[in-house]
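Please look over the sequence and the structure shown here, and then follow the description from the whole chain down to a single helix.

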Amino acid sequence: MLKMTSLRRLVHSRVLLHLSESPGVHSSLPRCARLLSTSSRCRTVMPAWVIDKYGSNEVLRFTKNASFPIINYPNEVIVKVFAAGLSPIDVAMRGGYGAATLSMKRDPLNIKQSGSEFPLVLGRDVSGVIMECGLDVKHFREGDEVWAAIPPWKQGSLAEFVLLSANEVSHKPKCLSHIEAAAIPYVATTAWSALVNTGGLRKDNCANKRILILGGSGGVGTFAVQMVKAWGAHVTVTCSQNAEQFLRGLGADHVVDYTAGPVEEPLSALEKFDLILDNVGGDTESWALKLLKPWSGAKYVTLVTPFMQNTDRLGVADGMMQSAATVASKALKHLMKGVHYRWGFFAPSGCALDEIRDMVDAKQHVFILSSFSHPNRSQQMAPPLPEPGSAGGFFLLKGSFSFPLLPKCLLIGGQMIVGFFSVSMKRLEATYVVIWRYINKIELN
């Protein structure tokens, strides 16, 4: 019996060998067969900026041995990063903000050990090119220029490659370079989520509505102003005096200076609003909801919520229960007064970015960039940055230099990563010092 089995295996292997050598076999294979990888060689590591623990800027380090992303699901894509964005949420995450909630999102069944998210790559905005697609991805192909807002629970864009779901990705605006495009997705999708998903605004129902944006000079605020203005709304914003002309230039109909005194007084003298977007928080909601039109479907949407702090402080289960009780009680309280109270959150959406792309290409959004010169090469210092409280937007660090050891997300054609600035500039500046000193170190060597 054993001899017969061995004989069958030998005959079977020889038949397979004969078939593999026959010229007719390869011709029968489909010509459109898709290779599993578009890379000429197998890669397991890539350069990236990572953190190995939560803390201050000392935890940020550059490595050439970060794990290369692998497609695990058929709807995923790998994007080769051409430009990356760094925003205040990244600085907060570096310090451990939202760690409990984001860990639950990464590992819902709590199978992995604590700290399994490290080494963690920051960066929420990306613009680049599709390198590889999962088998179910139909809307994209290798080589497509795309942009995306990366969810906080996923590895970020301060790396050479990033793994994303296809429904989080959109084709990049044709009128923007990669560097410019990397300044938009996260703040744009946050504004879209708050105004459209939570606030119920649409292009066809926004005309002549009165919108109040509290904190209008930040990234989300500047985008929200332009979006609802393009849809025909009447827009009122609050900001500091030095940002007034800037916001009027973006289309704001009425600007209130919060540095001139209690902002609720001049706002109370105005006609009531259909929707309020709150980017400020604090005690704002104690008086802001009185500015809404009662019993007309008016909504107050705040992006400053205690959800992450609750889960970090109380744990996921208790924190979520505390948050649910808080928002439910406030919603019921204000519903009795004829207005709607809502919490807004960032939501990744390729479909939203498709709409935003069309608006950008139609010149309905002004792209805000400031350029800064490369500092003296003999000095280990950060480039000059805007003062806190200045008009928000994005800045681009430029220089006539190239460093082959740096990932392309940090330097593309001699240009460094795009960053976001607002009142959080001081927190971001230290992070840029770390990266800038690293660049100087390479250049001086």
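How much area does the chain expose, and what share of it do carbon and sulfur atoms supply? The chain exposes about 21,800 Å², of which carbon and sulfur atoms supply 57%, with accessible areas taken from the Shrake-Rupley method with a 1.4 Å probe, and with only the protein chains shown counting as cover for residues. This is a predicted model, in which local features need pLDDT of at least 70 and side-chain atom pairs count only at pLDDT 80 or more, while totals for chains, interfaces and linings use all residues. Residues are numbered from 1 along each chain as its sequence is written, and side-chain values use heavy atoms, with hydrogens and water left out.

Buried residues make up 51% of the 445 residues in the chain, where buried means under 20% relative accessible area, exposed over 50%, and partly exposed in between (1.4 Å probe, protein chains only). The chain holds 14 helices and 17 strands, which are DSSP runs numbered from the N terminus (helices H or I, at least four residues; strands E, at least two).

Among the helices is H12, whose 20 residues reach 28 Å from the first C-alpha to the last, close to the 28 Å expected at 1.5 Å a residue, the expected span being 1.5 Å times one less than the number of residues. In H12, Gly319, Ser323, Thr326 and His334 are buried. Seen down the axis of H12, its buried residues fall within an arc of 65°, so they line one face of the helix, the arc being that of the directions from the helix axis to the C-beta atoms. On the other side of H12, Ala317, Met321 and Leu332 are exposed.
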